[in-house]
Amino acid sequence: MDNLFVPLLIGCLVAIASAVGVILARRPVYAAAYLLLHSLSLAALYAILSAAMVAIGQVIIYSGAIVVLFLFVVTLLPTGGAELRPIGGRIAAACVGAGAVIVALAASLTIGAIPLAPATPGDMSVAAVGHSLFSTLLVAFELTAPLLLVAVVGAVVIWRRHEPRPRTVQPVKVSEPRRLVLHQ
Amino acid sequence: MMPVLAWAWVFTLPGLVLTALGIPGQRKHAGYASLAGPVVLLIVAVVGLLQGGSYTVVFPNWLPFLPDGAYEALADTLSALMLTILGFVATLVYIYSLGYMADDPSRRRFFVFLDLFVATMGLLVLAGNLAVLLIGWTGVGISSFLLISFWRDKPGTLGAGLQALAANAVGDGALLLAASTVPNGCGTLVTLSTPQCTTGLGGAEFVALLLFVAAAAKSAQGPLYFWLPNAMAGPTPISALIHAATMVAAGVYLLVRTYALLALAPQVSLWIAIVGVATVIGASLAALFQSNFKKGIAFSTVAQLGYMFAAAGVGASFAGLFHLFTHASFKALLFLAAGVVIHGAAGHEELSDLRGLGRFFPFSRWGFVIGSFALFGTPLVTAGSFSKDDVVESVIAAQPVLGWLLVLSVMLTGAYIGRLFAIVYLARARDSHAVHHDASAERPMNWSLVPLMIGSIVLGWAGYWLAPALAGPLGSVQTPPPPITPVGLLAFGLGLIGFVAAAWYVLRPQVVLPVTMTSYRPDRWVRSIAAGGYVVAGGVSRVQTGLLAMYAFGTLLAIAVILLIRVSLVR
Amino acid sequence: MSSESLVLGTSAALFAIGGAGALLHRHPVSMLMAIEIMLNAANLVIVLAARVYGSADAESAALVVLVLAAAEAVIGLALALALFRRRPAPDVDQAAELRG
């Protein structure tokens, strides 16, 4: 796989740089733009790693739908300028947390032998992916359908709880929600 | 009959569906469609028990993520016996509920939940491996919650149901851990003790400990007793069926079924016996001071389960099972008799409200008499003595100290049940107009007591036939002792002394004593321990800042720590 | 350094960067974007494993993870919108009702 080293290096650098851009951007809109670049760079990485189907999926599903969704929501939650500055404690916590995770992951990488990929990859074509989705991963594949349904229904339910009540001529008397009372 | 018995847990499901769909139509006939289920169960179970034999149903690889994820149902004489108990008490409780819940608006829901309970309890008893046992186990826990918190408008019932769920969760967790950590293919209950299966993580002792925790949670032993007295918030037929005869016996059933594993884990077995005896003494003392009629009987159940645990702990699994068998009938009798009085007093359960009202309900009074005498073990006449003598003598033979403690505690048994009997049935009623008789509701209630009365008298003799019949599932079984033994007579004497003493104390012709101790100031050391607890709790609750970033930080740190621990372990 | 170690190191770095971003940002959507970076880092490792072992099963697993990311983003954004609709400056620190 070493003839892929240089393309991989470029892709990784772009991914890391755009991720840093996401977290350092002052306005959420800029962060969303950096996220788009990040996901496209990941799609490129997937393509270099011969995972064609996942690369296309990343472009269509992630960049095309999820990042766009983020952009829409960012416009619905305006900050009126730059985002609030992080307080000092947060910066310290971020550094310590990220540092700890990096150290732990680096340590974990040293204990296992990283196998080298074969020069020509196994069958990772779209046909093979489809075959495995419908045989080995059938249950997971079928379960993604109710997962998405639940996500959509859940989003609607969460939203409607906070919808302003329609103003009628007389205010409707709303009964107290049943409270959980633990008497003992 | 065994192949039919292996599917016996589905017998109440048609009734469940019919009742849930609203058949029969009139509300006052709701539940009649469910009556057939437990009757069929009882008939099939008795025939199966008499015929003997054993049958296994296996569907391999039904839950692939568990080490032993087969669906395995085992029908042998042990499960037939448990299903006989279940069918017998369930049939009588169904008939009783037709009267008790006659004017309850949610009567249909009640019978649906009852059917669910009988089905899941049947599945538990027929389980052949840990995976299916877990499903039945959780199923009865859920049914118990639904039935405890049945009356939604009464305050406190939801809390009681949640307490039952909490204790159940501990037991379920232990059982799930056991089902996940046994070696591959070793989940079958009867092969848990083979050498290849006991060399897994922690060995036989660890699995036995997990099963003990699960059984203790289900049977309200040791520190996990708290939910059972509070479960009396549910309707009385439920207290009789679930929290006296069947569900709480599931813990004992588990220990008896896996007797071979317990034999390989002597330390855990000793702890089972110690916890059982400690629970007997503690619960008997607590029962003596209860102000609520049903809670007093509930603590009695906890104590009697302690006897069964003590027997299982010393390896006398048949003795424990025999006591389970007789206890089911006389405890259900006590609860249902109490329910007649409570129903007549319009739902009041406090002893101060029920004082003397029992004398207006003759069936209930006779039922309570027979139940009480069976409880503290009257030889020859009642079944309780046969099984209690068996338990006590087995425990004395194995652990003399524990055994003699059990004999002494029979005096407490007599005392608390004598106190309850005297207050409700013997004392002079303050207001004889406080009861209302409803003849059509009381008829099914009264007549359902009769089979239990007969059972509490004669079932002891069945022990001599049961012992060889259960030799297959239980390994070597010692026959129960003869009806009259010195230890049995001593225990009976102590119980009778306790009974009479408590009755005399209650009926003394002096000022009516309050049945609770109302002024109780804890000592200074208790208060300081409580203050210390508050300080610790306050400090710990400061971790809950509600800030999302802090929680995320904690998670990241935890990930890093776990990874580093793993790295250091591999090196 | 081999290509495999490069990709693994990148993934670790991306995970840490995402974690830092989740802790730094106070705007809910920015926080969710940082979490998405962490998800993508994990997905990258799965795809690398697929390449190393030549297995299409792992690649399909990465596809399922992508769907999972979509579902999670939907719910997360719905929650963010529901919580912070009417506030002038959305700040995650204000949603501290679990306190105590």
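In which sense, left-handed or right-handed, does helix 4 of chain A pass helix 1 of chain C? Keep that in mind while we walk through this predicted model; we will come to the crossing at the third stop.

**Stop 1: chain C on its own**

Begin by selecting chain C and hiding the rest. Its 100 residues are 58% buried. You should find 3 helices and 0 strands, which gives the pattern α-α-α when read along the sequence. If you look at contacts in chain C with a separation of 6 or more, residues 24 or more positions apart account for 48% of them.

**Stop 2: helix 1 against helix 2 in chain C**

Now colour residues 3-24 of chain C, which are helix 1, and residues 28-53, which are helix 2. The two axes come within 7 Å and cross at roughly 165°. Angles over 145 degrees count as roughly antiparallel, and helix 1 of chain C and helix 2 of chain C are therefore roughly antiparallel to each other. Their crossing is left-handed.

Show the side chains where these two helices meet. On helix 1 of chain C, the residues to pick include C:Val7, C:Leu14, C:Phe15 and C:Gly18. Facing them from helix 2 of chain C are, among others, C:Met31, C:Ile35, C:Met38 and C:Leu44. By class, the residues of this contact are 16 nonpolar, 5 polar and 1 charged.

**Stop 3: bring in chain A**

Turn chain A back on. It has 6 helices and 0 strands, in the order α-α-α-α-α-α along the sequence. Of its 184 residues, 29% are buried. Among contacts in chain A between residues at least 6 apart in sequence, 58% join residues at least 24 apart.

Next, select helix 4 of chain A, residues 88-111, together with helix 1 of chain C. They pack at an angle of about 160°, with their axes 8 Å apart. That makes helix 4 of chain A roughly antiparallel to helix 1 of chain C. Here is the reply to the opening question: helix 4 of chain A passes helix 1 of chain C in a right-handed crossing.

To see who meets whom, pick A:Arg90, A:Ala94, A:Val101 and A:Leu105, which are among the residues that helix 4 of chain A brings to this contact. From helix 1 of chain C, the partners include C:Ala12, C:Ala16, C:Ala20 and C:Leu23. The contact divides into 18 nonpolar, 2 polar and 1 charged. C:Phe15 is worth a click of its own: this residue takes part in the contact with helix 2 of chain C and also in the contact with helix 4 of chain A.

**Stop 4: the whole border between chains C and A**

Zoom out to both chains. How many residues of chain C are in contact with chain A? There are 65, and they touch 84 residues of chain A. Helix 1, helix 2 and helix 3 of chain C each supply at least two residues to this side. Select residues 56-84 of chain C to light up helix 3, which gives the most, with 23 residues. The side of chain C that touches chain A holds 44 nonpolar, 13 polar and 8 charged residues.

**Stop 5: where chain C meets chain B**

Add chain B to the view. Here 11 residues of chain C are in contact with 10 residues of chain B. On the chain C side, these are 6 nonpolar, 2 polar and 3 charged residues.

**Stop 6: three loop residues in chain B**

Most residues other than glycine have a negative phi. Two alanines in chain B are worth a look with that in mind.

Select B:Ala220, in the loop between helix 8 (203-218) and helix 9 (227-230) of chain B. Its phi is positive, about 55°. B:Ala220 is buried, with 27 other C-beta atoms within 10 Å.

Then move to B:Ala346, in the loop between helix 15 (317-344) and helix 16 (351-354) of chain B. Phi of B:Ala346 is also positive, near 60°. Is B:Ala346 buried or exposed? B:Ala346 counts as exposed, with 10 C-beta neighbours inside 10 Å.

Finish at B:Gly358, in the loop between helix 16 and helix 17 (362-375) of chain B. This glycine counts as buried, with 28 C-beta neighbours inside 10 Å. Leaving aside neighbours within four places in sequence, B:Gly358 is in contact with B:Val341, B:Ser364, B:Arg365, B:Val424 and B:Tyr425. As a last click, draw a distance to B:Ala422: B:Gly358 and B:Ala422 are 64 residues apart in sequence and 9.5 Å apart in space, C-alpha to C-alpha.

Conventions. Residues are numbered from 1 along each chain as its sequence is written. Chains are lettered from A and ligands numbered from 1 in the order in which they are written. This is a predicted model: local features need pLDDT of at least 70, side-chain atom pairs count only at pLDDT 80 or more; totals for chains, interfaces and linings use all residues. Helices (H or I, at least four residues) and strands (E, at least two) are DSSP runs, numbered from the N terminus. A residue is buried if 20 or more other C-beta atoms lie within 10 Å of its own, exposed if 12 or fewer, and partly exposed in between; C-beta atoms are placed from the backbone. Two residues are in contact if their C-beta atoms, placed from the backbone, lie within 7 Å. Ala, Val, Leu, Ile, Met, Phe, Trp, Tyr, Cys and Pro count as nonpolar, Asp, Glu, Lys and Arg as charged, and the others, Gly among them, as polar. Axes are lines fitted to C-alpha atoms, for helices over the stretch in contact, and angles run from 0 to 180 degrees between N-to-C directions. Angles under 35 degrees count as roughly parallel, over 145 as roughly antiparallel, 65 to 115 as roughly perpendicular and the rest as oblique. A crossing is left-handed if the near helix is turned anticlockwise from the far one by less than a right angle, and right-handed if clockwise.
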